[in-house]
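Please consider the model shown below together with its sequence. The account that follows is written for a reader who wishes to move from the overall composition to the details of strand pairing.

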Amino acid sequence: MADVKFDLKDKKNIYVLVVAVVCLTSVYMFYDSIWTEFEDNQKRLIEEQKNSQAELDKLNLQRSRVPQLEAELQKAKIEFERLKEMFPEEEKVPLRLNDLYSVVRTSGVNIQEFKPNGQVEQEHFMENKYFFNVNAGYHMLGYMFAEIANFKYPTTIDNLKLNRFGSISQEVKKAEEHGWEPVTMSVSFDLTTFTSRKK
């Protein structure tokens, strides 16, 4: 096999060497500037695609919950309307007095005194106070309190005071003669209803 020598004095060899250096330099510059940038862009786009896909998956999951969320919103609206009725912005005195009047008539208690006792302002609501003094039998009183407890709005009863009815012996005689429940107690109490506060 013949020995090949590279002669730097030969112009052809110098030309080949220069062309080789230029080609290698071009390849390196292409790799360093264009190919590296392409790979960086490719990695960035793949990452963005993953993030976008994850976001899309979240949105698709939320979209599948739309009927459930709409049903929950409808329930919340109904509950809000119910609470607005329970805690109106202004005291519905005539309607609530009508409720009380109906309960009193049905229960058979005798109202001796009734008066509004003003309002007490709390942080989020108003307390509307009423004072009652009634004469009643045990069952009448129980029925009246049970009906008040069944109102569609919250109420509280405070300062309940029970006293023996003054004419109890006459009431017992009348009850025996006529067959009705005797009035045995004189009862006073404070009734409170609630309304929302105007901000």
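The paragraphs below treat the overall make-up, then the sheet, and then the helix that lies across the sheet.

The structure is a predicted model. Its secondary structure consists of five helices and four strands, and from the N terminus the elements follow one another in the order α-α-α-β-β-α-β-α-β. The protein has 199 residues, of which 22% are buried. About 15,400 Å² of the protein is exposed, and carbon and sulfur atoms supply 58% of that area. Among contacts with a separation of 6 or more, 68% are between residues 24 or more positions apart.

The four strands form an open sheet in the order β1-β2-β4-β3, and their pairing is antiparallel. Because β1 (110-121) and β3 (155-164) stand at the edges and each has a single partner strand, one side of each is left without a neighbour in the sheet. From one strand to the next, the twist averages 15°.

The pairing can be followed strand by strand, beginning with β1. A hairpin of three residues joins β1 to β2. Nine bridges link β1 to β2, which spans residues 125-136, in the antiparallel sense. Within this pair, N110 stands opposite N135 of β2, and K115 has F131 of β2 as its bridge partner. On the order already described, β2 is followed by β4. These two strands, β2 and β4, also pair in the antiparallel sense, over 12 bridges. One of the facing positions here is Y130, which stands opposite L191 in β4.

How much of β2 is buried? Of the 12 residues in β2, 10 are buried, and the strand is thus mostly covered. The cut-off for a buried residue is a relative accessible area under 20%. As a general point, the side chains of a regular strand alternate between the two faces of the sheet.

Which strands does helix α4 lie across? Helix α4, comprising residues 138-149, lies across β2, β3 and β4. The helix runs at about 5° to β4, the strand formed by residues 185-196. Of the strands that α4 lies across, β3 stands at an edge of the sheet, while β2 and β4 pair with each other.

Key
Residues numbered from 1 in each chain as written. Predicted model: local features only at pLDDT ≥ 70, side-chain atom pairs only at ≥ 80, totals over all residues. Heavy atoms only, no water. Pairing = 2+ DSSP bridges. Axes fitted to C-alpha atoms, helices over the stretch in contact; angles between N-to-C directions. Contact = heavy atoms within 4.5 Å. Buried < 20%, exposed > 50% of the residue type's maximum accessible area, 1.4 Å probe, protein only. Areas by Shrake-Rupley, 256 points an atom, 1.4 Å probe, with all protein chains shown as cover.
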